Amino acid sequence: MRCRRSKEASASCVAQSSAATSCSSPPGTPGKLAGRARRRGTIELAWEAPAGEAVARYRIHRNGERLAESTERKWIDTPPTETSFRYSVTAIDAAGNEGKR
């Protein structure tokens, strides 16, 4: 998902996702990644769990760099102002196997 934040705390976001993998592989890619601007320059991200997969946590990336981890299917980011961002989320199972972005 790509987002652009301005000083007015508005964001324009486009989601990207891919299909889940088989159960013998790491978890599939979370689906329907979406973002929306919130007050005070924050961006709220939300996504769906990979279908039929046991996920222990999610890893959130901004511009390809690891940003945070969450056990929930949402995250609120406070990125620097006047910059464009690309967000992605990966699923991690209980064994620590990380799925694709």
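**An open sheet and two aromatic pairs**

In this predicted model, three strands make up an open sheet, ordered β3-β4-β7. The pairing is antiparallel. Strands β3 (31-37) and β7 (74-77) stand at the edges. Each has a single partner strand, so one side of each lacks a neighbour in the sheet. Neighbouring strands in this sheet are turned by 15° against each other on average, direction ignored. In general, strands of a sheet pair through backbone hydrogen bonds, in either a parallel or an antiparallel way.

The pairing of β3 with β4 (residues 43-48) is antiparallel and runs over five bridges. Within β4, I43 stands opposite A37.

Strand β4 also contributes to an aromatic contact. The structure holds two aromatic pairs. A pair of aromatic rings is described by the distance of the centres and the angle of the planes. One of the pairs joins W47 and Y58. Their ring centres are 5.5 Å apart, with 65° between the planes. This pair is edge-to-face, because planes over 60 degrees apart count as such. W47 belongs to strand β4 and Y58 to strand β5 (residues 57-62), so the pair ties together parts eleven residues apart in sequence. W47 has 5% relative accessibility and counts as buried. Y58, at 4%, also counts as buried, since the cut-off for buried is under 20%.

Another pair is formed by F85 and Y87. Here the ring centres lie 6.1 Å apart and the planes meet at 45°, so the pair is tilted. Both F85 and Y87 are buried.

Conventions
Residues numbered from 1 in each chain as written. Predicted model: local features only at pLDDT ≥ 70, side-chain atom pairs only at ≥ 80, totals over all residues. Heavy atoms only, no water. Pairing = 2+ DSSP bridges. Helix = DSSP H or I, 4+ residues; strand = E, 2+ residues; numbered from the N terminus. Axes fitted to C-alpha atoms, helices over the stretch in contact; angles between N-to-C directions. Phe/Tyr/Trp six-rings, centres within 6.5 Å; stacked < 30°, edge-to-face > 60°. Buried < 20%, exposed > 50% of the residue type's maximum accessible area, 1.4 Å probe, protein only.
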